[in-house]
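Me: I am new to this structure and would love a close look at a single part of it, the sheet. Could you walk me through it slowly?

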Amino acid sequence: MKFKGSDNYVATQDLMLAVNAAITLKRPLLVKGEPGTGKTMLAEEVAQSLGLPLLQWHIKSTTKAQQGLYEYDAVSRLRDSQLSDVDGGERVKDIQNYIVKGVLWQAFTADQPVALLIDEIDKADIEFPNDLLREIDRMEFYCYETRELIRAKHRPVVFITSNNEKELPDAFLRRCFFHYIKFPDAETMKHIVAVHFPGLKQELLTAAMKTFYDVRNLPGLKKKPSTSELLDWLKLLVAEDIPLEALQSKDDKVAVPPLVGALLKNEQDVTLFEKLVFMQRNNR
Ligand SMILES: Nc1ncnc2c1ncn2[C@@H]1O[C@H](COP(=O)(O)OP(=O)(O)OP(=O)(O)O)[C@@H](O)[C@H]1O
Ligand SMILES: [Mg+2]
């Protein structure tokens, strides 16, 4: 199994290397990077290009590790026992019927190798990664209710993404292969745009990219626009048929770009940008 990039996803050399290293080591690939730099999409694309079904587990602040393994649905069992004419009461006797299998259980018991995405692991509390150490390491866990050991038939290819909102525990990090998706340079970004907008006019792209990187490199921005914001913005520029002149200022000075709401996502950043434009005008 080797990942060589895909038609829909631009993977840099070091990213491909990292994916393949994780597969070789049989360790989860921990992917970090700014929001919108293609972390989630990476898992989808690798799974597709390796021909593996992808099981996804999207983590929230309330997610517990146990939910990924299994949950015992005691409420349904109680209800069924009260209405005991359901299946003549047979269903209630077997606890197996009330074990709700989590994503890890499904991944471990699948008949073919699968890819598993644990998305945004940093959203959960600090205990969450610690609670999954053994499962990730040994690829097995014990179900106390049915007294069975669930062991992976095939080791899944695991992707874990994080936006760095919380530090991850050292013991957890030890078990992963790490890759940070650097913000794409202009050349890579052009490839990414080409994947999404194959027929985009070259002049528009050049002007839009210049504006985009100008905005992004503005010191003091609270939220820098990322790949997905550039793509949204380009989509709007094309849909609204914005003329090229609106993007190019004659004297090479910064101007507030049209539809700036696609790039800047809070009022402080917009104000900062407007101030800069205002100062430049006055300096003339
Ligand atoms: N290398 C790339 N090639 C092609 N498209 C990309 C690439 N990187 C990002 N994109 C585009 O950016 C969008 C956002 O990507 P994705 O949702 O994977 O980001 P993310 O890193 O998971 O963000 P978040 O941290 O907010 O979840 C994708 O839908 C895709 O259109
Ligand atoms: Mg994501």
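Reply: Happily; here is a walk through the sheet and then the ligand beside its helices.

This is a predicted model, where local features need pLDDT of at least 70, side-chain atom pairs count only at pLDDT 80 or more, and totals for chains, interfaces and linings use all residues. Residues are numbered from 1 along each chain as its sequence is written, and chains are lettered from A and ligands numbered from 1 in the order in which they are written.

Let's begin with the whole sheet. It is open and has 5 strands in the order E2-E5-E8-E1-E9, with parallel pairing. Strand E2 (54–58) and strand E9 (177–180) are the edges, each pairing on one side only. From one strand to the next, the twist averages 20 degrees. Two terms help here: strands (E, at least two residues) and helices (H or I, at least four) are DSSP runs numbered from the N terminus, and two strands pair if DSSP finds at least two bridges between them.

Now look at E8, which covers residues 157–162 and is joined by 4 bridges to the parallel strand E1, residues 29–32. Within E8, Ile160 is the bridge partner of Leu30, and Ser162 is that of Lys32. E8 also pairs with E5 in the parallel sense, again over 4 bridges. There, Ile118 stands opposite Ile160.

How enclosed is E8? Of its 6 residues, 6 are buried, so E8 is largely enclosed by the rest of the structure. Val157, Phe159 and Thr161 cover one side, while Val158, Ile160 and Ser162 are on the other, all of them buried. Buried here means that 20 or more other C-beta atoms, placed from the backbone, lie within 10 Å of the residue's own.

Two helices lie across these strands. Helix H1 (residues 13–25) crosses E1, E8 and E9, at about 170 degrees to E9. H2 lies across E1, E2, strand E5 (115–119) and E8, at about 175 degrees to E5. These angles, from 0 to 180 degrees, are taken between N-to-C directions of lines fitted to C-alpha atoms, for helices over the stretch in contact; contact means C-beta atoms, placed from the backbone, within 7 Å.

H2 leads us to ligand 1. The ligand is surrounded by 17 residues, and the closest are Pro35, Gly38, Lys39, Thr40 and Met41; a residue counts if its C-beta atom, placed from the backbone, lies within 6 Å. Helix H2 (39–50), helix H10 (186–196) and helix H12 (227–239) each give two or more residues to this shell.

Terms used
Two residues are in contact if their C-beta atoms, placed from the backbone, lie within 7 Å. A residue is buried if 20 or more other C-beta atoms lie within 10 Å of its own, exposed if 12 or fewer, and partly exposed in between; C-beta atoms are placed from the backbone.
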